[in-house]
Amino acid sequence: MCPLGIDVSQNGNVITLESAGTIFEIEDSDIFRPRSINVERNRSFNFEERPSSELANTSPPHSLKIVDHHLECLSPHGRRSGFNTPRSHTYFETHAMVAEAWENVRRSIVYYRRQPVGTIAALDHSVEQLNYDQVFVRDFVPSALAFLMNGEEEIVKNFLLKTIHLQSWEKRIDQFKLGEGVMPASFKVIHNPVRNSEILIADFGESAIGRVAPVDSGFWWIILLRAYTKHTGDSSLAEMPDCQRGMRLILSLCLSEGFDTFPTLLCADGCCMIDRRMGVYGYPIEIQALFFMALRCALVLLKQDQEGKEFMERIVKRLHALSYHIRSYFWLDLKQLNDIYRYKTEEYSHTAVNKFNVMPDSLPDWVFDFMPTRGGYFIGNISPARMDFRWFCLGNCVAILSSLATPEQADAIMDLIESRWEELVGEMPLKICYPALESHDRRIVTGCDPKNTRWSYHNGGSWPVLLWLLTAACIKIGRPQIARRAIELAESRLSKDHWPEYYDGKLGRYIGKQARKFQTWSIAGYLVAKMMLEDPSHLGMISLEEDKQMKPLMKRSTSWTC
């Protein structure tokens, strides 16, 4: 970040500059439309009914049966979890952390010309700000969902419009011009007291560590636009020419033809939530899952004009290829692990079993003990002669929410989390990846990064923000008790520890050595998790139902159905 003379006011709303300023969803069949929440008043379960084609027969208000029925509907198997966990419609309001969380989120709001446009990354005044005083696209998503769930749509609408306006800026790094569709990683509001004016300054990667453009920003923008449209029932924002053009530019970047032989998206290291060198270059599952979800969202947001229809045709073709590729080759369970262990190499034919020529000797020792008898997950990466067997939380949760994971695979992912609770959740949810890179591997893969030491930051650190993704995934497949257990863990410490960005240690026991306090997405992630668990109808904003047309015949590995 450029060394500008800045000052954040106490509530985090204004940044001043001392010197002069310079510049696939064919039909969306989600179950309920969420109602607004006002956290300052008592509420009851009173779901708003949708047409009978979406859901018939809801229970009367104040009946706890409605929650059981709703969770049964959310399960892809038409059942609720086998655990009889109690549900209380007063639990959400009475927890003291909720009011505190909302207060902190509101303090983090950034205003541009008196209009709320986002939330800054962190409000920790005890350390150097670096770029934590900016509004990050990916960081704002949980804040945006919390505001939508609370009936505050204005800030989300303003954010979507401002970021799509920034997309139109010319983007250069040294002498190279970036693609038109690249979305900013972040932006900040600069106040010029001399001219009494405000301007926006965006970062497209030219100021980022490693100078990597954010691939995930465009995907999160499309996903958030769909969430806004779904929640408000108002498609006018998505139909605006600027938003339609912005979507098409993002899609043009992703759907362009090249030398790839796979439908997955080729990426540089550090282009997503893991924004430092961590060996996620190639085809990381986080990007592929977000790519899949953004394509499905775009399919229902694009207008049915000539340009829109052309993109829809390309999207449908890509979705079919992408879903088959990831479900087939990224999926790992006990049977598939055993198959890889017995792979032959140097196969040359169209009938090759070991299509990526993966060497069985490259299987890490830890994966044999990590893999439970029942369960599975999408591995971190796959490319010629390379499989990254690490578990990545965000990619697997988004795979469930987007229905990239089949219902059987989604259940298997949850089986894995329950079986390996100590490793993946520990004392503070949730591990961003597992296991950590250590010793020589860490030095080589991270480039001796002093921040990504073992079990710290992106290298096996525990990130509370991931709580909302886990909760949404759990509710979708009808196993909310997993999310409730994780939320209770977080509530035991998050507020006392002043809402850290991440935790360190194998169990997530220690506040991260360089973690910012009052990290906005840690706070907002908790709020979203609480609100979804209390009112599961909110899941419709961020969840897509399975498209039966994309379900392939899974002939390779079916151990999750044993």
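This report walks through salt bridges, one helix, a pocket and some backbone details of a predicted model.

## About the model

Residues are numbered from 1 along each chain as its sequence is written, and side-chain values use heavy atoms, with hydrogens and water left out. Because the model is predicted, local features need pLDDT of at least 70 and side-chain atom pairs count only at pLDDT 80 or more, while totals for chains, interfaces and linings use all residues.

## Salt bridges across the chain

Let's start with charged pairs. Side chains of opposite charge can pair when their charged atoms come close. Here a salt bridge means a side-chain nitrogen of Lys or Arg within 4 Å of a carboxyl oxygen of Asp or Glu, and the structure holds 16 of them. Helices (H or I, at least four residues) and strands (E, at least two) are DSSP runs, numbered from the N terminus. For accessibility, buried means under 20% relative accessible area, exposed over 50%, and partly exposed in between, with a 1.4 Å probe and protein chains only.

One salt bridge joins the side chains of E152 and R106, at 2.8 Å from N to O. This pair links distant parts of the chain, 46 residues apart: E152 sits in the loop between α4 (137-149) and α5 (154-167), and R106 in helix α3 (residues 96-107). E152 is partly exposed at 25% relative accessible area, and R106 is partly exposed at 33%. Another salt bridge pairs K188 with D133, at 3.6 Å from N to O. Again the pair links distant parts of the chain, with K188 in strand β8 (residues 186-192) and D133 in the loop between β4 (115-119) and β5 (135-136), 55 residues apart. K188 counts as buried at 3% relative accessibility, and D133 is buried too, at 2%.

## A charged network

Which residues are linked with R479 in a network of salt bridges? They are D411, D415 and E418. Within this network, the side chains of R479 and E418 meet at 2.7 Å, N to O. R479 lies in the loop between α16 (467-476) and α17 (480-491), and E418 in helix α13 (residues 407-419), so this pair also links distant parts of the chain, 61 residues apart. R479 is buried, with a relative accessible area of 8%, whereas E418 is partly exposed at 29%.

## Helix α7 and a pocket

Helix α7 (residues 241-255) has 15 residues. From first C-alpha to last it reaches 21 Å, close to the 21 Å expected at 1.5 Å a residue; the expected span is 1.5 Å times one less than the number of residues. Its buried residues include M247, R248, L249, I250 and L251. What covers the buried residues of α7 includes α5, α6 (215-232), α8 (285-301) and α9 (306-330), where contact means heavy atoms within 4.5 Å.

Both α6 and α7 supply at least two residues each to the lining of the second largest pocket. On a 1 Å grid over the protein atoms alone, a pocket is an open set of points where a 1.4 Å probe fits, with protein on both sides within 12 Å along at least five of seven lines; lining residues have an atom within 4 Å of a point. The space in this pocket is about 640 Å³, where the volume is the space filled by probe spheres set on the points, and grid points are joined across faces, edges and corners. Of its 28 lining residues, the closest to the centre are V215, L253, C254, L265 and L266. The lining divides into 19 nonpolar, six polar and three charged residues. Ala, Val, Leu, Ile, Met, Phe, Trp, Tyr, Cys and Pro count as nonpolar, Asp, Glu, Lys and Arg as charged, and the others, Gly among them, as polar.

## A buried alanine

A473 is found in helix α16 and is buried, with a relative accessible area of 0%. Not counting residues up to four places away in sequence, A473 touches C397, I400, L401 and M414. The C-alpha atoms of A473 and S402 are separated by 9.6 Å, though these residues lie 71 apart along the chain.

## Backbone details

Most residues other than glycine have a negative phi, and most peptide bonds are trans. The bond from P429 to L430 is cis, with omega near -5 degrees, and L430 is in the loop between α14 (421-424) and β13 (433-434). A cis peptide bond also joins Y434 and P435, with omega about -5 degrees; P435 lies in the loop between β13 and α15 (439-446).

R114 has a positive phi, near 70 degrees, and is exposed at 79% relative accessible area. E346 has a positive phi near 60 degrees and is exposed at 58%.
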